[in-house]
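Reader: Could you go through this model with me? I would like to start with the nucleic acid and then move on to the backbone.

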Amino acid sequence: MQRTHDCGSLRPEHAGQTVSLAGWVNSYRDHGGVIFIDLRDRKGVTQIVFHPQQAEAHSLAQTLRHEDVIWVKGTCLRREAGMENPRLPTGGIEVRTAELKLLNKSQTPPFTPDEAGKVNEERRLEYRYIDLRRPRMQEILSVRHRAAKVIRDYFDEQGFLEIETPFLCRSTPEGARDFLVPSRVIPGSFYALPQSPQLYKQVLMASGCEKYVQLVRCFRDEDPRADRVAEFTQLDLEMSFVEQEEVMAVAEGMARRVWKDVLGVDVPAIPRMSYKDAMERYGSDKPDLRFGMEFVDVSDLAGQTDFKVFRGALDAKGTVRAIRVPGGGKLTRKQTDELSEWIKQFGVGGLPMVKIEGGKLATGVAKFLESIKDALIQRLGAAEGDLIVFGVGSPAMTVFKALGALRLRLAQELDLIPAGLWKWLWVVDFPAMEWNPDEKRWDSLHHPFTAPLDEDLSKLEADTGAVRSKAYDLVLNGSEVGGGSIRIHSPEVQKRVFALLGIDEQAAVAKFGFLLDALKFGAPPHGGLAFGFDRLIMHIVGTTNIRDVIAFPKTATGADLMTAAPSPVEEAQLKELSLRVALPQKPVKAAPPA
RNA sequence: GAGGGCGUAGCUCAAUUGGUUAGAGCACUGGACUGUCGAUCCAGAGGUUGCGGGUUCGAGCCCCGUCGCCCUCGCCA
């Protein structure tokens, strides 16, 4: 089938040429005599005109409806003055048809690509092939492709090898819940789909590959968020004979290259912030630096008041932190009550607050703060019309996290986040381990193979919580787009870390003996990083919904609404796998009283 | 596992305090129309109000359960 052009390329300079196009009927306007069709393909929309003189084509054109697939041949004509459509790149021309072929009649579609932007996501996912016909979705797919290409070119130039790692892996109990795949050949045994190629890429370093990279699908059977799904794509990399700075430099170079080549935006040198600073100043290990609203420690001032809420938190070795909310004074009582209720889910008791009105503290807990009023206003730099909110409680980390969530919510609702900014940040010096009060043991913050900082090695056992690691996260506009670490390559240090994590030697050998073996036989020092590829694309195309950047995404329950996966399987399939399904019995509910 | 929101025609939505035959726009069908580009005009068809139960003289609306989708907490080394 001959196509001389696509639907986005004809311009007045093509006038007079015989052209042929193919695509979908985006809309039709039948005037009884002349008929107009807006023909759409991946590249754009072109107006096709049918005149009654071409009787055969014209009568067929009368039957055309939304999403019919057609081929046309005709003459490209410059539109007469006043009849151009400035909203179409091809609006200066139209194609007067001599010949029309109906390639495939469409049933009436549940919605048209034009409408898809307004249709429920559920419906869009069910008819994804119609949704994806939208120019916007085509653009996203195209950007995703280009970003992947740029990334591969970049790493190729840097001497990396793209090496595939297995999808059918050994299950490890650490980390996220695994998706399991039963083995037919070994009944009762299971593979796990990879949460990331972490262990394999370390083994690749022991294998002498030196520089590994992979765009790879990862699977985590955990509940989703707006920017998180069970099945996602990582840009995974690992390097031998490197320290933290070299890995960060390579990753930063990639970000710079992608932003430059795809968006035409320069990424400046990316600043650093310690985990401790990030938590204490922004209540997040991925602070959004596009706006201020930093936390201010006002524990000392709070201690001078008689306010029981403040005193109680301080007596419990907690903290009192304040945020100045610019223009927050306009929030109504109803709105502030709602915030106060909402913040309780983060483990603090409520949200004391005051407004600045007429140079004075007003409403809320103002009466308790009279004695510290001037110091408070001065320290926060508060101005007329501002709101000051207090994070109060213990431990301090709980307060930080609650205020961190509040800071984001208020900034969004009060429209304090400037558009068009790219605020990159490296968060470094993460704690190596975190005390898990429920299990009464230390947990890795990153993973058990993360190397502690050399200067903290000596206090590994004595002051475990204070040990920092060679881990680094790359944050963009408050979202974690990448993270990695230098790995432990010394069996000695690895043994000490496992001991602290409560993983005895036997368990360690059982879980990842192959990696420990690999480290024993001459593994080079190595480290790496993984980018959330979907999230990078989200930032580039400007969406907050990760499903927008995935061609065939799954829903919150892991369902594919188009294919209706997951689904029950034939009894014979289960039998072959030596599996039996044991659904939980539904509890019998007592009949309601009459 | 928990909380919140949503579910009415193919699509997007409306429906007064629980009250007549559940409406509108778009799409669809038929007709008119030779320059539109959200074409216009006339006419028509289209409903298990997600599903199941209950309360009531009467339920789209109230109650219980259930299914699906979205957001959040937990979870995500």
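Reader: By class, how many nonpolar, polar and charged residues does the surface near RNA strand B have?

Author: This is a predicted model, in which local features need pLDDT of at least 70 and side-chain atom pairs count only at pLDDT 80 or more, while totals for chains, interfaces and linings use all residues; side-chain values use heavy atoms, with hydrogens and water left out. Residues are numbered from 1 along each chain as its sequence is written, and chains are lettered from A and ligands numbered from 1 in the order in which they are written. The surface near RNA strand B has 14 nonpolar, 20 polar and 19 charged residues, where near means that a heavy atom of the residue lies within 4 Å of the strand. Ala, Val, Leu, Ile, Met, Phe, Trp, Tyr, Cys and Pro count as nonpolar, Asp, Glu, Lys and Arg as charged, and the others, Gly among them, as polar.

Reader: Which residues come nearest to RNA strand B?

Author: R29, M83, R87, E94 and H446 come nearest, of the 53 residues around RNA strand B. Of the atoms of the strand that come within 4 Å of the protein, sugar and phosphate account for 58%.

Reader: And which element gives the most to that surface?

Author: Strand 1 does, with four residues. Strand 1 (18–30), strand 2 (35–41) and helix 2 (121–126) each supply at least two residues; helices (H or I, at least four residues) and strands (E, at least two) are DSSP runs, numbered from the N terminus.

Reader: What lies 2.7 Å from a phosphate oxygen of RNA strand B?

Author: That is a polar side-chain atom of R225, a polar contact in the sense of a pair of N or O atoms within 3.5 Å. A polar backbone atom of N120 is 2.9 Å from a phosphate oxygen of the strand, whereas a polar backbone atom of V34 is 3.4 Å from a sugar or linking oxygen.

Reader: Switching to the backbone, where is the cis bond that involves P395?

Author: The cis peptide bond joins S394 and P395, with omega about -5°, and P395 is found in the loop between strand 16 (387–393) and helix 12 (396–413). The peptide bond from A565 to P566 is also cis, with omega near 0°.

Reader: What about K317, is that residue buried or exposed?

Author: K317 is exposed, with a relative accessible area of 76%, exposed being over 50%, buried under 20% and partly exposed in between (1.4 Å probe, protein chains only). Phi of K317 is near 60°, a positive value in a residue other than glycine.

Terms used
A polar contact is a pair of N or O atoms within 3.5 Å; within protein, one must be able to donate a hydrogen and the other to accept it, and residues adjacent in sequence count only if both atoms are side-chain atoms.
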